[in-house]
Amino acid sequence: MNDPAVAAARGRGDGVWPLIHAERAALAADLADLTDDQWQTPSLCDGLTVRDVLAHLTAGASLGAVRWMAGVIRCRFDFDRQVAVRLAEQLGTAPAETLERFRSVVPSTTKPPLPPLAMLGETVVHGEDIRRPLGLRRDHPGEVVTRVAEYYQGTDLVVVAKGRIGGLRLVADDGPFAVGSGPLVSGPTLALIMAMTGRAAFCDELDGAGAEVLRSRCGAG
């Protein structure tokens, strides 16, 4: 039986900050020995290198609601411009400085006006945007990927996810996550997360009658 109190806590993101901090620390450790050439590897985010994406994560962990709103107003509500400006602020002069700035925010609880679960999702998804092109792999804890999947299936905040999986049944084959109705899409929870947030590179890990439908929606929205 579902416990309403537990469900409410999950919705608020109770206990999420330690998970965010652990994911950040793991990413920093994974990137400790990259060469200068590796830092210039294109990420899964169009037009951004892995170094750029790491700077974007640092920016997100450094930007409270007041500064975020001030930046939005300064950029005349051009959110893409706001992201680019904040990324540039955290890039530093060399990859070593980019990484050191990210390490400095590993324990941060600063955030834009987003729920903590959105910050966990950003950390996991952008971490994979960095790792996958570099051939790095992380075995994310089951609680982390399940909570992130449950968050994204119900929202289009920041990134279209709920809208991308409409009319499909998503079922994880490595955990309890399951949602929706329609043609089946099954696979690892992480691959489902990355596909529902538009990363076609992970669709090869998915099976079922709805897998190609979801692949066709990646990169849209």
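A residue is called buried when its relative accessible area is under 20%, exposed when that value is over 50%, and partly exposed in between, using a 1.4 Å probe and protein chains only. The model shown is predicted, with local features needing pLDDT of at least 70 and side-chain atom pairs counting only at pLDDT 80 or more, while totals for chains, interfaces and linings use all residues. Residues are numbered from 1 along each chain as its sequence is written, and side-chain values use heavy atoms, with hydrogens and water left out.

**View 1. The protein chain as a whole, with its helices and strands.** The secondary structure of the protein chain comes to eleven helices and three strands, where helices (H or I, at least four residues) and strands (E, at least two) are DSSP runs numbered from the N terminus. Followed along the sequence, these elements give the pattern α-α-α-α-α-α-α-α-α-β-β-β-α-α, and 48% of the 221 residues of the chain count as buried. Of the contacts (heavy atoms within 4.5 Å) between residues at least 6 apart in sequence, 64% join residues at least 24 apart.

**View 2. Val185 in strand S3 and the residues around it.** Val185 belongs to strand S3, which covers residues 184-187, and it counts as buried because its relative accessible area is 0%. Leaving aside residues up to four places away in sequence, Val185 touches Leu168, Arg169, Leu170 and Val171, and also Leu192, Leu206, Asp207, Gly210, Ala211 and Leu214. Cys203, which appears again in the next view, is 18 residues from Val185 in sequence, and the two C-alpha atoms are 9.7 Å apart in space.

**View 3. Cysteines of the protein chain.** The structure holds zero disulfides, a disulfide being a pair of cysteine sulfur atoms within 2.5 Å. Cys218 is in no disulfide, and the cysteine sulfur nearest to it, that of Cys203, is 3.7 Å away. Cys218 counts as buried because its relative accessibility is 14%, and Cys45 is buried with a relative accessible area of 12%.

**View 4. Helix H4 and its covered residues.** Helix H4 runs over residues 50-60 and is mostly covered, with eleven of its eleven residues buried. The buried residues of H4 are Val50, Arg51, Asp52, Val53, Leu54, Ala55, His56, Leu57, Thr58, Ala59 and Gly60. Two of these, His56 and Leu57, are among the residues that Glu122 touches, as the next view describes.

**View 5. Glu122 in helix H8 and Val158 in a loop.** Glu122 has its place in helix H8, and it counts as buried because its relative accessibility is 18%. Not counting residues up to four places away in sequence, Glu122 touches His56, Leu57, Gly127, Tyr152 and Val158. The last of these partners, Val158, lies in the loop between H9 and strand S1 (169-172), and Val158 is exposed because its relative accessible area is 53%. Glu122 and Val158 are 36 residues apart in sequence, with their C-alpha atoms 9.2 Å apart in space. Most residues other than glycine have a negative phi. The phi of Val158, however, is near 75 degrees, a positive value in a residue other than glycine.

**View 6. Helix H9 and the loop between H8 and H9.** Helix H9 is mostly covered, since eight of its eleven residues are buried. Those buried in H9 are Val144, Val145, Thr146, Arg147, Val148, Ala149, Tyr151 and Tyr152, and Tyr152 is also one of the residues that Glu122 touches. Pro141 is found in the loop between H8 and H9, where it is partly exposed because its relative accessible area is 38%. Along the chain Pro141 and Leu19 are 122 residues apart, and a distance of 9.1 Å separates their C-alpha atoms.

**View 7. Asp33 in the loop between helices H2 and H3.** Asp33 has its place in the loop that links helix H2 (17-30) and helix H3 (36-39). At 72% relative accessibility, Asp33 counts as exposed, whereas Val185 of View 2 is buried. Asp33 and Ala96 are 63 residues apart in sequence, and their C-alpha atoms are 9.9 Å apart in space.
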